[in-house]
Amino acid sequence: MSNQKLPLVSVVIPTYNRIRTLPASVDSVLEQTYENLELIIMDDGSTDGTQEYVESITDKRVRYRRADKNMGPSAARNMGAELAKGEYLAFQDSDDAWEPDKLEKQMKLMVDNGELAMVYSEFGFYRDGELAAIIPSPQIPYEEKHGDLFSHLLLYPLISTQTMLIKTKEFIAAGGFDETLQAYEDFEFSMRFAQNHRIGFVDEPLVRVNNTPNSVNKRLGERIRTQFYMVREMLDVLRERNLLESKLSIILLEAESILCHDIFIEELNRLSKEFLSEEERESTAVLFEKIERSKEMVYRKMKMRETIPKLTQRALKIYGNLYENRITWSGELQGALKDLVGSVETLKTMFAIPDGVQARYAAIQKSLEADKLSETERLYLLADIVELFETLEKLW
(Lines give C-alpha, C1' and ligand atoms only; values in the text may rest on other atoms or scores of the structure.)
Protein backbone atom coordinates (compact mmCIF):
# COMPACT_ATOMS: atom_id res chain seq x y z
CA MET A 1 0.00 0.00 0.00
CA SER A 2 1.46 3.37 -0.99
CA ASN A 3 0.98 6.26 1.41
CA GLN A 4 3.28 8.82 -0.17
CA LYS A 5 0.47 11.37 -0.44
CA LEU A 6 -0.58 10.84 3.15
CA PRO A 7 0.97 12.67 6.13
CA LEU A 8 4.36 11.53 7.36
CA VAL A 9 4.36 9.70 10.70
CA SER A 10 7.52 9.77 12.81
CA VAL A 11 7.91 6.66 14.96
CA VAL A 12 10.28 6.83 17.94
CA ILE A 13 11.78 3.72 19.55
CA PRO A 14 13.92 4.31 22.64
CA THR A 15 16.20 1.36 23.34
CA TYR A 16 18.83 0.37 25.84
CA ASN A 17 20.64 -2.98 25.56
CA ARG A 18 17.68 -4.73 23.91
CA ILE A 19 19.46 -6.31 20.95
CA ARG A 20 17.55 -9.57 21.47
CA THR A 21 14.10 -7.98 21.14
CA LEU A 22 14.79 -4.81 19.13
CA PRO A 23 14.80 -6.42 15.62
CA ALA A 24 11.25 -7.78 15.98
CA SER A 25 10.08 -4.40 17.25
CA VAL A 26 11.74 -2.58 14.35
CA ASP A 27 10.34 -5.02 11.81
CA SER A 28 6.82 -4.52 13.13
CA VAL A 29 7.18 -0.79 12.36
CA LEU A 30 8.84 -1.09 8.96
CA GLU A 31 6.27 -3.66 7.84
CA GLN A 32 3.31 -1.35 8.48
CA THR A 33 0.72 -1.12 5.72
CA TYR A 34 0.94 2.64 6.25
CA GLU A 35 4.30 3.17 4.54
CA ASN A 36 4.83 6.92 4.76
CA LEU A 37 6.79 6.85 7.97
CA GLU A 38 10.22 7.46 9.37
CA LEU A 39 11.63 5.40 12.21
CA ILE A 40 13.85 7.18 14.71
CA ILE A 41 15.79 4.75 16.88
CA MET A 42 17.01 6.50 20.04
CA ASP A 43 19.87 4.44 21.41
CA ASP A 44 20.11 5.35 25.09
CA GLY A 45 23.75 4.35 25.46
CA SER A 46 23.56 0.62 24.61
CA THR A 47 26.68 -1.52 24.83
CA ASP A 48 25.31 -4.75 23.32
CA GLY A 49 25.78 -4.23 19.58
CA THR A 50 22.64 -2.16 19.01
CA GLN A 51 24.50 0.39 16.89
CA GLU A 52 25.95 -2.30 14.60
CA TYR A 53 22.49 -3.82 14.15
CA VAL A 54 20.85 -0.51 13.27
CA GLU A 55 23.63 0.41 10.84
CA SER A 56 22.99 -2.89 9.05
CA ILE A 57 19.38 -1.91 8.25
CA THR A 58 19.03 -0.92 4.60
CA ASP A 59 15.58 0.70 4.85
CA LYS A 60 16.14 4.42 4.16
CA ARG A 61 13.27 5.36 6.45
CA VAL A 62 15.39 4.50 9.51
CA ARG A 63 17.26 7.23 11.40
CA TYR A 64 19.60 6.58 14.30
CA ARG A 65 20.67 8.76 17.21
CA ARG A 66 22.90 7.54 20.00
CA ALA A 67 23.05 9.24 23.41
CA ASP A 68 26.42 9.67 25.09
CA LYS A 69 24.94 8.49 28.39
CA ASN A 70 21.78 6.75 29.54
CA MET A 71 19.06 9.32 30.06
CA GLY A 72 15.95 7.18 30.49
CA PRO A 73 13.08 6.29 28.13
CA SER A 74 11.07 9.50 28.63
CA ALA A 75 14.01 11.75 27.77
CA ALA A 76 14.83 9.54 24.78
CA ARG A 77 11.24 9.76 23.51
CA ASN A 78 11.18 13.54 23.98
CA MET A 79 14.45 13.93 22.09
CA GLY A 80 13.11 11.71 19.32
CA ALA A 81 10.04 13.93 19.09
CA GLU A 82 12.24 17.00 18.69
CA LEU A 83 14.03 15.28 15.79
CA ALA A 84 10.78 14.19 14.12
CA LYS A 85 10.00 15.44 10.63
CA GLY A 86 6.47 14.02 10.58
CA GLU A 87 3.22 15.84 11.20
CA TYR A 88 2.26 12.92 13.41
CA LEU A 89 4.20 11.08 16.06
CA ALA A 90 4.00 7.51 17.37
CA PHE A 91 5.99 5.57 19.94
CA GLN A 92 7.09 1.97 20.07
CA ASP A 93 9.01 0.06 22.75
CA SER A 94 12.01 -2.07 21.90
CA ASP A 95 10.49 -5.28 23.26
CA ASP A 96 6.96 -5.01 21.85
CA ALA A 97 5.35 -5.45 18.43
CA TRP A 98 2.74 -3.61 16.37
CA GLU A 99 0.06 -5.27 14.31
CA PRO A 100 0.75 -4.59 10.58
CA ASP A 101 -2.25 -2.25 10.18
CA LYS A 102 -1.83 -0.30 13.43
CA LEU A 103 -0.85 3.03 11.87
CA GLU A 104 -3.26 2.65 8.96
CA LYS A 105 -6.27 2.23 11.27
CA GLN A 106 -5.18 4.98 13.63
CA MET A 107 -4.38 7.44 10.84
CA LYS A 108 -7.75 6.83 9.20
CA LEU A 109 -9.52 7.74 12.45
CA MET A 110 -7.22 10.74 12.96
CA VAL A 111 -7.62 12.14 9.44
CA ASP A 112 -11.37 11.50 9.33
CA ASN A 113 -11.88 13.34 12.64
CA GLY A 114 -10.16 16.70 12.55
CA GLU A 115 -11.06 17.41 16.18
CA LEU A 116 -8.76 14.67 17.48
CA ALA A 117 -5.21 15.41 18.66
CA MET A 118 -4.39 11.83 19.67
CA VAL A 119 -5.58 8.35 18.77
CA TYR A 120 -4.81 5.26 20.83
CA SER A 121 -5.93 1.64 20.82
CA GLU A 122 -6.25 -1.46 22.93
CA PHE A 123 -3.16 -3.59 23.43
CA GLY A 124 -2.71 -7.24 24.23
CA PHE A 125 -0.55 -7.93 27.29
CA TYR A 126 1.38 -11.18 26.91
CA ARG A 127 3.05 -13.16 29.68
CA ASP A 128 5.34 -16.04 28.68
CA GLY A 129 3.89 -15.91 25.18
CA GLU A 130 0.27 -16.24 26.35
CA LEU A 131 -2.33 -13.48 26.16
CA ALA A 132 -2.97 -12.38 29.75
CA ALA A 133 -5.20 -9.33 29.25
CA ILE A 134 -6.63 -6.79 26.81
CA ILE A 135 -6.03 -3.22 28.01
CA PRO A 136 -8.01 -1.06 28.45
CA SER A 137 -10.65 -3.59 29.40
CA PRO A 138 -13.28 -4.23 26.70
CA GLN A 139 -15.81 -4.03 29.53
CA ILE A 140 -15.24 -0.28 29.85
CA PRO A 141 -17.90 1.44 27.71
CA TYR A 142 -16.61 2.87 24.43
CA GLU A 143 -17.93 6.31 25.39
CA GLU A 144 -15.50 6.39 28.33
CA LYS A 145 -12.54 5.62 26.06
CA HIS A 146 -13.17 8.14 23.27
CA GLY A 147 -13.51 11.93 23.15
CA ASP A 148 -13.21 13.92 26.37
CA LEU A 149 -11.24 11.54 28.59
CA PHE A 150 -9.98 13.93 31.23
CA SER A 151 -12.39 12.92 34.00
CA HIS A 152 -11.69 9.23 33.48
CA LEU A 153 -7.93 9.75 33.28
CA LEU A 154 -7.97 11.65 36.54
CA LEU A 155 -8.78 8.29 38.14
CA TYR A 156 -7.66 5.45 35.87
CA PRO A 157 -4.99 4.86 33.21
CA LEU A 158 -6.21 4.05 29.71
CA ILE A 159 -3.41 4.87 27.29
CA SER A 160 -0.09 3.06 26.92
CA THR A 161 2.82 4.74 25.16
CA GLN A 162 3.07 2.10 22.40
CA THR A 163 -0.55 2.76 21.36
CA MET A 164 -0.25 6.55 20.99
CA LEU A 165 -0.53 8.34 17.68
CA ILE A 166 -0.38 12.09 18.29
CA LYS A 167 0.06 15.37 16.47
CA THR A 168 3.74 16.22 16.79
CA LYS A 169 3.28 19.93 17.43
CA GLU A 170 0.66 19.25 20.08
CA PHE A 171 2.92 16.74 21.83
CA ILE A 172 5.80 19.20 21.98
CA ALA A 173 3.53 22.08 23.03
CA ALA A 174 2.23 19.96 25.91
CA GLY A 175 5.77 19.49 27.19
CA GLY A 176 6.21 15.84 26.27
CA PHE A 177 6.74 13.13 28.86
CA ASP A 178 7.77 14.17 32.36
CA GLU A 179 11.42 13.08 32.50
CA THR A 180 11.49 13.11 36.32
CA LEU A 181 9.06 10.19 36.57
CA GLN A 182 10.25 6.59 36.78
CA ALA A 183 6.90 4.95 35.98
CA TYR A 184 3.44 5.73 34.57
CA GLU A 185 4.89 8.48 32.35
CA ASP A 186 2.22 7.66 29.76
CA PHE A 187 -0.55 7.86 32.38
CA GLU A 188 0.64 11.26 33.58
CA PHE A 189 1.11 12.64 30.06
CA SER A 190 -2.23 11.40 28.72
CA MET A 191 -4.06 12.84 31.74
CA ARG A 192 -2.34 16.20 31.27
CA PHE A 193 -2.91 16.13 27.49
CA ALA A 194 -6.59 15.18 27.82
CA GLN A 195 -7.25 18.31 29.82
CA ASN A 196 -7.17 20.36 26.60
CA HIS A 197 -7.56 17.84 23.76
CA ARG A 198 -10.01 15.29 22.43
CA ILE A 199 -8.70 11.76 21.99
CA GLY A 200 -9.82 9.01 19.63
CA PHE A 201 -9.88 5.26 20.29
CA VAL A 202 -9.57 2.17 18.08
CA ASP A 203 -11.30 -0.65 19.93
CA GLU A 204 -9.06 -3.54 18.94
CA PRO A 205 -5.61 -4.61 20.18
CA LEU A 206 -3.12 -3.14 17.69
CA VAL A 207 -0.04 -3.67 19.87
CA ARG A 208 1.44 -6.77 21.45
CA VAL A 209 3.06 -5.82 24.78
CA ASN A 210 5.43 -8.47 26.10
CA ASN A 211 6.27 -9.04 29.73
CA THR A 212 10.07 -9.24 29.55
CA PRO A 213 12.79 -8.99 32.23
CA ASN A 214 13.69 -5.41 33.15
CA SER A 215 10.67 -3.90 31.37
CA VAL A 216 10.20 -0.29 32.42
CA ASN A 217 6.74 -1.12 33.80
CA LYS A 218 8.41 -3.26 36.49
CA ARG A 219 9.07 -0.24 38.71
CA LEU A 220 6.10 -0.99 40.91
CA GLY A 221 6.83 1.35 43.80
CA GLU A 222 7.32 4.26 41.43
CA ARG A 223 3.80 3.72 40.11
CA ILE A 224 2.47 4.70 43.53
CA ARG A 225 4.81 7.70 43.79
CA THR A 226 3.79 8.89 40.32
CA GLN A 227 0.11 8.67 41.15
CA PHE A 228 0.61 10.80 44.26
CA TYR A 229 2.57 13.26 42.11
CA MET A 230 -0.45 13.40 39.80
CA VAL A 231 -2.73 13.99 42.78
CA ARG A 232 -0.59 16.94 43.88
CA GLU A 233 -0.51 18.38 40.34
CA MET A 234 -4.28 18.01 39.88
CA LEU A 235 -5.36 18.61 43.46
CA ASP A 236 -7.58 21.61 42.71
CA VAL A 237 -9.32 19.78 39.86
CA LEU A 238 -9.87 16.68 42.00
CA ARG A 239 -11.38 18.89 44.68
CA GLU A 240 -13.62 20.73 42.23
CA ARG A 241 -14.94 17.44 40.86
CA ASN A 242 -15.20 15.83 44.28
CA LEU A 243 -12.85 13.04 43.16
CA LEU A 244 -10.02 13.30 45.69
CA GLU A 245 -11.29 10.58 48.00
CA SER A 246 -12.04 8.27 45.07
CA LYS A 247 -8.58 8.83 43.59
CA LEU A 248 -6.81 8.06 46.86
CA SER A 249 -8.91 4.92 47.33
CA ILE A 250 -7.93 3.74 43.85
CA ILE A 251 -4.24 4.29 44.62
CA LEU A 252 -4.68 2.38 47.87
CA LEU A 253 -6.09 -0.62 46.00
CA GLU A 254 -3.16 -0.59 43.62
CA ALA A 255 -0.66 -0.28 46.48
CA GLU A 256 -2.25 -3.31 48.11
CA SER A 257 -2.15 -5.33 44.91
CA ILE A 258 1.57 -4.73 44.33
CA LEU A 259 2.58 -4.86 48.02
CA CYS A 260 3.66 -1.23 48.22
CA HIS A 261 2.00 -0.42 51.56
CA ASP A 262 4.94 1.49 53.02
CA ILE A 263 5.29 3.73 49.96
CA PHE A 264 1.56 4.50 50.06
CA ILE A 265 1.81 5.42 53.75
CA GLU A 266 4.87 7.60 53.11
CA GLU A 267 3.26 9.46 50.21
CA LEU A 268 -0.10 9.85 51.94
CA ASN A 269 1.69 11.30 54.98
CA ARG A 270 3.41 13.85 52.79
CA LEU A 271 0.19 14.74 50.98
CA SER A 272 -1.71 15.12 54.25
CA LYS A 273 0.88 17.27 55.97
CA GLU A 274 1.80 19.55 53.06
CA PHE A 275 -1.25 19.84 50.82
CA LEU A 276 -4.52 18.83 52.47
CA SER A 277 -6.93 20.83 54.59
CA GLU A 278 -7.86 19.77 58.12
CA GLU A 279 -11.15 18.33 56.87
CA GLU A 280 -9.38 16.39 54.12
CA ARG A 281 -6.83 15.05 56.61
CA GLU A 282 -9.65 13.70 58.75
CA SER A 283 -11.07 11.79 55.77
CA THR A 284 -7.66 10.33 54.89
CA ALA A 285 -7.35 8.89 58.40
CA VAL A 286 -9.62 6.08 57.23
CA LEU A 287 -7.15 5.28 54.44
CA PHE A 288 -4.31 5.07 56.95
CA GLU A 289 -6.31 2.57 58.97
CA LYS A 290 -7.15 0.50 55.88
CA ILE A 291 -3.59 0.31 54.59
CA GLU A 292 -2.23 -0.58 58.04
CA ARG A 293 -4.75 -3.43 58.37
CA SER A 294 -3.93 -4.59 54.86
CA LYS A 295 -0.21 -4.44 55.60
CA GLU A 296 -0.65 -6.51 58.76
CA MET A 297 -2.73 -9.08 56.86
CA VAL A 298 -0.06 -9.37 54.17
CA TYR A 299 2.63 -10.01 56.76
CA ARG A 300 0.44 -12.61 58.45
CA LYS A 301 -0.16 -14.34 55.12
CA MET A 302 3.54 -14.35 54.32
CA LYS A 303 4.28 -15.81 57.75
CA MET A 304 1.60 -18.46 57.33
CA ARG A 305 2.96 -19.41 53.92
CA GLU A 306 6.26 -20.10 55.69
CA THR A 307 4.47 -22.01 58.45
CA ILE A 308 2.40 -24.40 56.33
CA PRO A 309 5.41 -26.49 55.18
CA LYS A 310 6.54 -26.76 58.83
CA LEU A 311 3.08 -27.98 59.82
CA THR A 312 3.26 -30.56 57.04
CA GLN A 313 6.63 -31.79 58.25
CA ARG A 314 5.41 -31.99 61.83
CA ALA A 315 2.38 -34.05 60.79
CA LEU A 316 4.62 -36.33 58.69
CA LYS A 317 6.95 -36.87 61.64
CA ILE A 318 4.05 -37.81 63.93
CA TYR A 319 2.69 -40.17 61.27
CA GLY A 320 6.09 -41.87 60.89
CA ASN A 321 6.60 -42.25 64.62
CA LEU A 322 3.10 -43.65 65.13
CA TYR A 323 3.46 -46.00 62.18
CA GLU A 324 6.75 -47.38 63.51
CA ASN A 325 5.35 -47.60 67.09
CA ARG A 326 7.90 -45.11 68.44
CA ILE A 327 5.08 -43.21 70.15
CA THR A 328 1.69 -44.24 71.51
CA TRP A 329 -1.73 -42.70 71.09
CA SER A 330 -2.25 -40.44 74.07
CA GLY A 331 -4.07 -37.35 75.17
CA GLU A 332 -0.88 -35.37 74.59
CA LEU A 333 -0.58 -36.64 71.03
CA GLN A 334 -4.26 -36.04 70.39
CA GLY A 335 -3.81 -32.48 71.67
CA ALA A 336 -0.87 -31.92 69.29
CA LEU A 337 -2.97 -33.09 66.38
CA LYS A 338 -5.81 -30.82 67.42
CA ASP A 339 -3.33 -27.91 67.45
CA LEU A 340 -2.19 -28.84 63.95
CA VAL A 341 -5.67 -29.05 62.51
CA GLY A 342 -6.79 -26.02 64.51
CA SER A 343 -4.25 -23.92 62.61
CA VAL A 344 -6.65 -24.18 59.67
CA GLU A 345 -8.90 -21.82 61.62
CA THR A 346 -6.17 -19.19 61.34
CA LEU A 347 -5.77 -19.92 57.65
CA LYS A 348 -9.50 -19.44 57.12
CA THR A 349 -9.25 -15.85 58.34
CA MET A 350 -6.65 -15.01 55.68
CA PHE A 351 -7.22 -17.25 52.67
CA ALA A 352 -10.19 -18.47 50.68
CA ILE A 353 -10.24 -22.18 51.48
CA PRO A 354 -12.09 -24.35 48.93
CA ASP A 355 -15.24 -26.10 50.15
CA GLY A 356 -13.72 -29.52 49.57
CA VAL A 357 -10.73 -28.73 51.81
CA GLN A 358 -13.01 -27.32 54.49
CA ALA A 359 -15.13 -30.47 54.42
CA ARG A 360 -12.05 -32.66 54.97
CA TYR A 361 -10.95 -30.36 57.77
CA ALA A 362 -14.33 -30.75 59.49
CA ALA A 363 -14.17 -34.53 59.12
CA ILE A 364 -10.70 -34.65 60.68
CA GLN A 365 -11.89 -32.51 63.58
CA LYS A 366 -14.77 -34.90 64.19
CA SER A 367 -12.43 -37.90 64.13
CA LEU A 368 -10.14 -36.28 66.67
CA GLU A 369 -13.06 -35.88 69.04
CA ALA A 370 -13.81 -39.61 68.96
CA ASP A 371 -13.01 -41.40 72.21
CA LYS A 372 -11.71 -44.57 70.59
CA LEU A 373 -9.93 -45.05 67.30
CA SER A 374 -8.39 -48.24 66.03
CA GLU A 375 -4.71 -48.26 65.12
CA THR A 376 -5.61 -48.30 61.45
CA GLU A 377 -8.04 -45.40 61.91
CA ARG A 378 -5.33 -43.39 63.67
CA LEU A 379 -2.93 -43.88 60.79
CA TYR A 380 -5.62 -42.95 58.28
CA LEU A 381 -6.33 -39.85 60.36
CA LEU A 382 -2.65 -38.86 60.31
CA ALA A 383 -2.50 -39.47 56.57
CA ASP A 384 -5.52 -37.22 56.11
CA ILE A 385 -3.87 -34.47 58.17
CA VAL A 386 -0.67 -34.69 56.13
CA GLU A 387 -2.63 -34.58 52.88
CA LEU A 388 -4.65 -31.60 54.12
CA PHE A 389 -1.52 -29.53 54.68
CA GLU A 390 0.06 -30.68 51.42
CA THR A 391 -3.10 -29.49 49.65
CA LEU A 392 -2.87 -26.12 51.41
CA GLU A 393 0.79 -25.79 50.37
CA LYS A 394 -0.18 -26.26 46.72
CA LEU A 395 -2.97 -23.70 47.00
CA TRP A 396 -0.66 -20.97 48.26
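Buried here means under 20% relative accessible area. With that in hand, start at helix 4 of this predicted model, which spans residues 102–112. Its buried residues are Lys102, Leu103, Gln106, Met107, Leu109 and Met110. Look down the axis of helix 4 and those buried residues fall within an arc of 160 degrees, so they line one face of the helix. The general rule behind that sort of pattern is simple: an α-helix has 3.6 residues a turn, so residues three or four places apart point the same way. On the face of helix 4 turned away from the buried side you'll find Lys108 and Asp112, which are exposed.

Now for the strands. Strand 2 (residues 37–43) and strand 3 (residues 62–66) run parallel, and five bridges join them. If you want a spot to zoom in on, Met42 stands opposite Arg65 in strand 3. Bring in helix 2 (residues 50–55) and you have a β-α-β unit: strand 2, helix 2 and strand 3, with right-handed geometry.

Next, the rings. Searching the whole structure turns up 10 aromatic pairs. Take Tyr120 and Phe201: their ring centres are 4.8 Å apart and their planes sit at 40 degrees, so this pair is tilted. Tyr120 belongs to strand 6 (residues 116–127) and Phe201 to strand 9 (residues 198–210), so the pair ties together parts that are 81 residues apart in sequence. Both Tyr120 and Phe201 are buried. Elsewhere, Phe91, Phe171, Phe177, Phe189 and Phe193 form one aromatic cluster. One of these rings has a charge over it: the charged end of Arg77 sits over the ring of Phe177, 5.7 Å from its centre. There's a similar arrangement at Tyr126, where the charged end of Arg208 sits over the ring, 3.7 Å from the centre.

A few backbone oddities are worth a stop. Ile135 and Pro136 are joined by a cis peptide bond, with omega at about -5 degrees. Pro136 itself is in the loop between strand 7 (130–135) and helix 5 (150–155). Then there's Asp128, which isn't a glycine yet has a positive phi of about 55 degrees. You'll find Asp128 in the loop between strand 6 and strand 7, and at 73% relative accessibility this residue counts as exposed. Leu259 also has a positive phi, near 60 degrees, and isn't a glycine either. Its place is the loop between helix 10 and helix 11, where Leu259 is exposed with a relative accessible area of 55%.

That loop brings us to the two helices it joins. In helix 10 (residues 244–257) we meet Leu244, which counts as buried at 10% relative accessibility. Setting aside residues up to four places away in sequence, Leu244 touches Val231, Leu235, Leu238, Leu276 and Glu280. With Glu280, the chain separation is 36 residues, while the C-alpha atoms of Leu244 and Glu280 are separated by 9.0 Å. Over in helix 11 (residues 261–274) sits His261, and at 5% relative accessibility His261 counts as buried too. Leaving out neighbours within four places in sequence, His261 is in contact with Ala255, Glu256, Ile291, Ser294, Lys295 and Val298.

Notes
Residues numbered from 1 in each chain as written. Predicted model: local features only at pLDDT ≥ 70, side-chain atom pairs only at ≥ 80, totals over all residues. Heavy atoms only, no water. Phe/Tyr/Trp six-rings, centres within 6.5 Å; stacked < 30°, edge-to-face > 60°. Helix = DSSP H or I, 4+ residues; strand = E, 2+ residues; numbered from the N terminus. Buried < 20%, exposed > 50% of the residue type's maximum accessible area, 1.4 Å probe, protein only. Lys NZ or Arg CZ within 6 Å of the ring centre and 35° of its normal. Pairing = 2+ DSSP bridges. Right-handed = clockwise from strand over helix to strand, strands pointing away. Arc of directions from axis to C-beta. Contact = heavy atoms within 4.5 Å.
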